[in-house]
Amino acid sequence: MWGMGNRHSPEASLSADEARRIALRAQGFIGAPDRKAGVRGVLRSLGTVQLDTISVLARSHELVAYARLGAVGRERVDRAYWSDAHSFEYWSHAACILPIEEWPLFAFRRRAHRERTMWGKGVSERTYRDMLAQLRERGPLTSTELGGAKKTADWWDWSETKIAVEAALAKGDVVCTTRRGWKRVYDLAERAVPAELREQDLSDAECHRRLVRQAGIAMGVATRSDLADYHRIRGADVDAVIGDTGLVRVDVAGWKDPAWADPAALEQLPRGRHRTTLLSPFDSLIWHRPRTDRIFDFTHRLEAYVPRPKRIHGYFAMPILAGGKLIGRVDPGRDGGALVARQISLFDVRHAPQAASALREAATWVGAEEVRIDRCDEPAVADSLRSELSGHAS
């Protein structure tokens, strides 16, 4: 079935389609969503969920849960991430939410930050001690409550206290296990992180081994660069531990580089219903653009920081996933009670029903009463989409 002469052989050959379906299942897009496990189950399965300040339909970490579970209430999503010290925020793929049980796996990064003089540059030892003393005496606090986040209105001009608490976060003296109004709430790691996790002192190599294994399971099948990118580990560190991760070496038709797979993912061909949904550009299914191009033949670029005249697909263009493929993009927005497709493009007019379905579900999730198409450069696609949307409304 998998091009394997022997199921127990250390190597397998996969078609590009098999690899794509394995990746989709591993990321939670094939089969019925595990609603019992819910948002926390999604987080544990992915291992890391990226945060970002941009909020269009919702913030990216909310969109990640929605894409897999459907229209779960946004407040419920937020509570699942941030209550009961279930998770913590740290530098993984970027600034990410991580399951609290992964705290020991980032010891290598905390050690590296402690050894770097750049963190805490310009901060006196007294400021650092005072900041820790405030947290100890007053409990969890935002940077504003600690004494001010900024010196000026410029976002990069942090106060000395803000620099101190961010340095403490990087080094592991402080942890963020919740946010309040999108502000980090800082607490002492000795108070917020369970002792059994803090007491695990893993070597750098063991941290890398566990993170590479976790990334391999979360992606199903991945190249060396995919594995390195997931938690932003150096390729040389991936090479040093890959043989001890339990991942097996596989060849994928059409992939130039060798890959590794979760053995459990090779047991049977992924089956079940494909999810139809909109994807955040920061979703772990597509955040590594070379992998997205390789698996889906789909080149994507976030244009939020591209000057408006140079944008091709829009400020926050979201890929549309349907039938296990990326069928187009939509740049969404809100206008009163309407979800607005400010710009939408599909590869084929026959994908209009799936795109309309994705837009309708997203509208329901954010409480919009209608979907409006503002711009679509293909008249036949625009007509078909509007027909699908109006037909459903009637």
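Start by selecting Ala222 in this predicted model: Ala222 stands opposite Trp260, which belongs to strand E9. Now widen the selection to the two strands concerned. E7 and E9 (residues 259–261) run antiparallel, and three bridges join them.

Next, bring up the rest of the sheet. Four strands make up this open sheet, in the order E1-E8-E9-E7, and the pairing is mixed. Which strands stand at the edges? Colour E1 (11–14) and E7 (221–223): each has a single partner strand, so one side of each is left without a neighbour in the sheet. Look along the sheet for the twist, too: on average, neighbouring strands are turned by 35° against each other, direction ignored.

Keep the sheet on screen and add helix H1, residues 16–26. H1 packs on the sheet and touches E1, E7 and strand E8 (248–252). The direction of H1 makes about 105° with that of E1.

Time for side chains. Select Leu227 and show what is in contact with it, skipping neighbours within four places in sequence: you'll get Val212, Ala215, Gly216, Met219, Ala222, Val238, Ile242, Leu247 and Trp260. So Ala222 and Trp260, the pair from the opening stop, both turn up again around Leu227.

Leu227 also leads into the largest nonpolar core, which has 47 residues. Within this core, Tyr81, Phe88, Phe106, Val212 and Leu227 touch the most other members. Which helix gives the most to this core? Select H11, residues 204–219: that helix supplies six residues.

For a last stop, move to a second, separate core of 37 residues. Pick out Val56, Ile320, Leu339 and Ala363, which are among its members.

Notes. Residues numbered from 1 in each chain as written. Predicted model: local features only at pLDDT ≥ 70, side-chain atom pairs only at ≥ 80, totals over all residues. Heavy atoms only, no water. Pairing = 2+ DSSP bridges. Axes fitted to C-alpha atoms, helices over the stretch in contact; angles between N-to-C directions. Contact = heavy atoms within 4.5 Å. Core = buried A, V, L, I, M, F, W, Y, C linked by side-chain atoms within 4.5 Å. Buried < 20%, exposed > 50% of the residue type's maximum accessible area, 1.4 Å probe, protein only.
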